[in-house]
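Subject: Structure handover

Hello,

Here is the structure I promised to pass on. Please open it first, then read my notes below.

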Amino acid sequence: MPQNRADNLQENHMSHFVVDRDRCRKDGICARVCPVHIIQAAPGDFPAMNSHQEALCIGCGQCMAFCPTAACVAPGLDPAQCRPLRHDLQPAAEQVEELIFARRSVRVFKETPLPRDVLLRLLDATRFAPTAKNAQPLRWIVLESRPQTKRLAELVVNWMRRLPQEDANMARACHAEGLTRAWDRGTDVITRDAPQAAVAVAPADWHWGMSDAAIAAAYLELPAQAHGVGCCWGGYVCLALRHPTGGEVRAFLGVGEQEAACAVQLLGRPLFKPHARPPRKPLDLTWL
């Protein structure tokens, strides 16, 4: 984007829908892709949005993403940060499918932790995972070393030791006694000896927190796979974080009283590399 044009749009982007009339083709694409339908674009006219509609904008940037001439800016978004897509870097369909087929849940990790810049790159990609209403509500808590993930596992095991007396049904459901016996034998089935872990946290009153976090955690696995990083969902950690008696685990991670921990990914370089794609159940599909 030319600097003088970016400067001109920058002046107006904070609260208004801005259209560059020199670039706009009046094709109405911005109006058609807007998820909340607040852009008016009659055939042959420039698109527009009144002040009431601007207040309803969710800041998703769909209008900017699909405009072929980069002629519009959504309220509250910075045009200088709207980067063009690199279509030359888009993988072929077979490559994307093979990436998915090759992904495995890794439970045996190398001891060496990932550099912070690698972790940051992987987590930064999760910002582009879809969230309900484009709220982007998640924050991440990262444990950067094995001593931290081991301490997290210890706290979860301590929670499991108390669970038969505090919640017998949950204890049976999560096999708490068997897991604590495994821990006492020296087997970490909680954090899998992972050198690092990432926890997705959302506001406790956000109804879509679990869905948003699950999608973001799945997004994390895709660039992780591409960078040779293994992931495994920390389900037992999640159980402790969500249970009313899991306060010590939440306190250790710094999860606030108004927050809910919604997803946990264990991270590290895999010790072993998969060489085959095991079968799965047949697709269960109903056509309507």
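A charge counts as sitting over a ring if NZ of Lys or CZ of Arg is within 6 Å of the ring centre and within 35 degrees of the ring normal. Lys26 meets this, lying over the face of Phe46 at 4.4 Å from the ring centre. Arg277 does so too: it lies over the face of Phe101, at 4.1 Å from the ring centre. As for ring pairs, the structure holds one aromatic pair. Please keep in mind that this is a predicted model.

Now the main core.

The largest nonpolar core has 35 residues. Val156, Met160, Ile190, Val199, Leu241 and Leu253 touch the most other members. At least two residues each come from β3, α7, α9, β4, α11, α12 and β6 (259–268). Which helix gives the largest share? That is α7, with eight residues. Val156 shows how the parts meet. Setting aside residues up to four places away in sequence, Val156 touches Ile190, Tyr236, Val237, Ala240 and Val249. Another core lies apart from this one. That second core has 17 residues, among them Val18, Ala31, Cys63 and Ala74. As a general point, nonpolar side chains in soluble globular proteins tend to be buried together.

Next, helix α7 itself.

It has 21 residues, which at 1.5 Å a residue should span 30 Å. The C-alpha atoms at its ends are 29 Å apart, which agrees. Its buried residues are Thr149, Leu152, Ala153, Leu155, Val156, Val157, Trp159, Met160 and Leu163. The elements covering them include β3 (139–143), α8, α9, β4 (196–203), α11 and α12 (247–253).

Then helix α9, residues 176–184.

Here Ala176, Leu179, Thr180, Ala182 and Trp183 are buried. How are they arranged around the axis of α9? Seen down that axis, the buried residues fall within an arc of 155°, so they line one face of the helix. An α-helix has 3.6 residues a turn, so residues three or four places apart point the same way. The buried residues of α9 pack against α7 (146–166), α8 (168–173) and α11 (235–242). After α9 comes Gly186, with a positive phi near 100°.

Two further residues deserve a look for their backbone angles.

Most residues other than glycine have a negative phi. Ala70 is not a glycine, yet its phi is positive, about 50°. Ala70 lies in the loop between α4 (62–66) and β2 (72–73). Is Ala70 buried or partly exposed? Its relative accessible area is 35%, so Ala70 is partly exposed. Gln136 is not a glycine either, and has a positive phi of about 50°. The loop between α6 (116–125) and β3 holds Gln136. Gln136 is partly exposed, with a relative accessible area of 49%.

Last, a glutamine in a helix.

Gln53 lies in α3, residues 51–56. The cut-off for buried is under 20% relative accessible area. Gln53 has 12% relative accessibility, so it counts as buried. Leaving out its neighbours within four places in sequence, Gln53 is in contact with Ile38 and Gln40.

If you have time for one part, start with α7, which supplies the largest share of the largest nonpolar core.

Best wishes

Methods:
Residues are numbered from 1 along each chain as its sequence is written. This is a predicted model: local features need pLDDT of at least 70, side-chain atom pairs count only at pLDDT 80 or more; totals for chains, interfaces and linings use all residues. Side-chain values use heavy atoms; hydrogens and water are left out. Buried means under 20% relative accessible area, exposed over 50%, partly exposed in between (1.4 Å probe, protein chains only). Helices (H or I, at least four residues) and strands (E, at least two) are DSSP runs, numbered from the N terminus. The arc is that of the directions from the helix axis to the C-beta atoms. Contact means heavy atoms within 4.5 Å. Rings of Phe, Tyr and Trp (its six-membered ring) pair if their centres lie within 6.5 Å; planes under 30 degrees apart count as stacked, over 60 as edge-to-face and the rest as tilted. The expected span of a helix is 1.5 Å times one less than its number of residues. A nonpolar core is a set of buried Ala, Val, Leu, Ile, Met, Phe, Trp, Tyr and Cys residues joined through side-chain atoms within 4.5 Å.
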